[in-house]
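This report describes selected features of one protein model, with attention to charged pairs, a sheet and nonpolar packing. The sequence and structure are shown first.

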Amino acid sequence: MLRREFLQGALTLGAGAMSWMLVPKLSAREAAREQVDVTLVGRPYRFPADTGASFNGLAYNGRVPGQLLRVRYGQRLRARYLNRTGGPSTIHWHGMILPNDMDGVPDVTQKPVPNGGEFIYTFKPDPPGFRWYHSHVGDQIALGLFGPFLIEDPGEAQADVEVVLVLHDVPDMSSFRAALAGKSTAAMDMPPGAGGMAGGMARMSGHGASSMKGMSGMSGMSGMSGMQGMSGMGDMSAMPDRAGMASRGAMGDEVAYLSHCLSGAAYPHTRPLMVRVGQTVRLRILNASPTLTHYVRLGGQQLRITHSDGNPLPRAVTVDALRVGVGERYDAWFEVTKPGAWLLQSLMADVHDRRQAVLIRTPDAPEHEPELPPASLQGATCFDYLLAGGELASGAETGTSAGSANSHGRPLVRVDLTLGGGRPGDWRWTIDGKIWPHTPKVQVRAGDQVLIRFQNPNDMDHPMHLHGHIFELVEVSGRRLAAALRKDTVLVPAHGSATWRFIADAPPGRWLLHCHNLVHMIDGMMTEVDYI
């Protein structure tokens, strides 16, 4: 794909698969608005050939991912959602602090929007940074109901080129249903060298299979919305009956994928990104996969990571590879110092033509062979939480020690939660041995300081996400961070632990806390932080 093709593609931004979304500077008129009005229509969607998959899914406004929503910090959003999906649906605004009744969780914060109905979401998006939006009903994320959301910070440093990249995977829905039943036979796909990384000796969060067998697409469960009686996901009465299922062997929760896409296209159909020597490039990267952790590398370049989940890191870190858990977002920067072409790619063990990669090149280098990233993570400096926050020296204090209150006199709520599941013959994924809605709830009062410690005895990481709050990650597997990381989603490491700290200062209500691996969430790994 040469310059002419790139320019032709640039003229069609916003229509069809692009593999990246340009973030131009907001005009003075756009920035001066008090309110941004958008209409999102969720309806059935046939994935185009650029995705490399034959698949009937769902989309917002006729594209996957949905359009990039942008507001300037302080503006109000009014989003009119028209549900034409064929079943109940909602929109969750991931990573945002907002009124509880705008959070988009069916039967918890709102009644699900019926097919043919509509709902108005209105709030001031907060805090600034890279967020996203998606359905919180059944399997609708897997079918394509998700999109990026950017809350502009006027005081933030600007790049010469800024683009949004959404990593997403097109599932084989028969495999997805088998994974929900604990009976999947899909193989795991972990990039070479990942086993030598922290947490890598066990499975990365469902870093699962990539079975490219070309089945005809199935929307499968597009009208369903959760297990029976399972608020937060709706009514999933059409899900397979799990009673009396035979032992599945291993974990049985891996999902086979038809294709791996970057903002709506799979390589080699992704459109190249044109840059110029001397420019600074900012990549805002979102992992919207149903189950897969991704590892991103750029050929011939290192990446400087400045933000995690839209929040500034205590210090920027430079890495060879970026690990992105399900639901996580990262801001990665690099400088174009010479003419050339470089391939940005999510690494996988299964190398095939339908993968997540995009070519980045300068206009005067159409004949250059692109520099490819190493296929292995062996010896690579890979982003992790300890690298970003630094490790606290033994004996020093960064968090709150045991007791009834912290140094500011706030009441202290301490909660330990054990993440379980994955046993042969048992489809359930649990918190303290229970599945939603019977999991133990975290009860807080406004102003409490809350410490939640997750223990994960499983062979895989779990991407745990808290609605309506930004928390601080202060400990990973017994190693305390010198500087806490502000996040809304964290990979709790296999056979390890993670501790979060936050002030209960969100609007009152019921806020979900769950694993963002969609199979695990539907199968029960979900609870709440409830304000009393």
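Arg 284 counts as buried because its relative accessibility is 4%, where buried means under 20% relative accessible area, exposed over 50% and partly exposed in between (1.4 Å probe, protein chains only). The model is a predicted one, in which local features need pLDDT of at least 70 and side-chain atom pairs count only at pLDDT 80 or more, while totals for chains, interfaces and linings use all residues. Residues are numbered from 1 along each chain as its sequence is written, and side-chain values use heavy atoms, with hydrogens and water left out.

**Salt bridges**

In the whole structure, a search finds 16 salt bridges, each defined as a side-chain nitrogen of Lys or Arg within 4 Å of a carboxyl oxygen of Asp or Glu. Side chains of opposite charge can pair when their charged atoms come close. Three of these pairs are listed here.

| Pair | Closest N and O atoms |
|---|---|
| Arg 284 and Glu 156 | 3.6 Å |
| Glu 162 and Arg 284 | 2.5 Å |
| Glu 391 and Arg 479 | 2.8 Å |

Arg 284 thus forms a salt bridge with Glu 156 and another with Glu 162. Glu 162 is in strand E10 and Arg 284 in strand E13, 122 residues apart, and the pair links distant parts of the chain. Helices (H or I, at least four residues) and strands (E, at least two) are DSSP runs, numbered from the N terminus. Glu 162 is buried, with a relative accessible area of 6%, whereas Glu 156 is partly exposed at 23%.

The side chains of Glu 391 and Arg 479 also meet in a salt bridge. Glu 391 lies in the loop between helix H5 (385-389) and strand E21 (412-421), and Arg 479 in strand E27 (residues 479-487), so this pair ties together parts that are 88 residues apart in sequence. Both count as partly exposed, Glu 391 at 44% relative accessibility and Arg 479 at 40%. In addition, salt bridges that share partners join Arg 131, Asp 309, Glu 328, Arg 329, Lys 487 and Asp 488 into one network.

**A five-stranded sheet**

An open sheet of five strands has the order E12-E20-E19-E14-E17, with mixed pairing; two strands pair if DSSP finds at least two bridges between them. E12 and strand E17 (321-324) stand at the edges with a single partner strand each, so one side of each has no neighbour in the sheet.

Strand E20 (residues 357-361) is largely enclosed by the rest of the structure, because five of its five residues are buried. Ala 357, Leu 359 and Arg 361 point one way from E20, while Val 358 and Ile 360 point the other way. Strand E12 (residues 273-274) pairs with E20 in the parallel sense over two bridges, and Met 274 has Arg 361 as its bridge partner. Strand E19 (residues 341-346) runs antiparallel to E20 and is joined to it by five bridges; Gln 345 stands opposite Ala 357.

**Nonpolar cores**

A nonpolar core is a set of buried Ala, Val, Leu, Ile, Met, Phe, Trp, Tyr and Cys residues joined through side-chain atoms within 4.5 Å. The largest has 129 residues, of which Trp 93, Ile 305, Phe 383 and Ile 452 touch the most other members. Strand E10 (residues 161-171) gives the most to this core, with seven residues. Another core of seven residues lies apart from it, and its members include Ala 321, Leu 347, Leu 377 and Cys 382.
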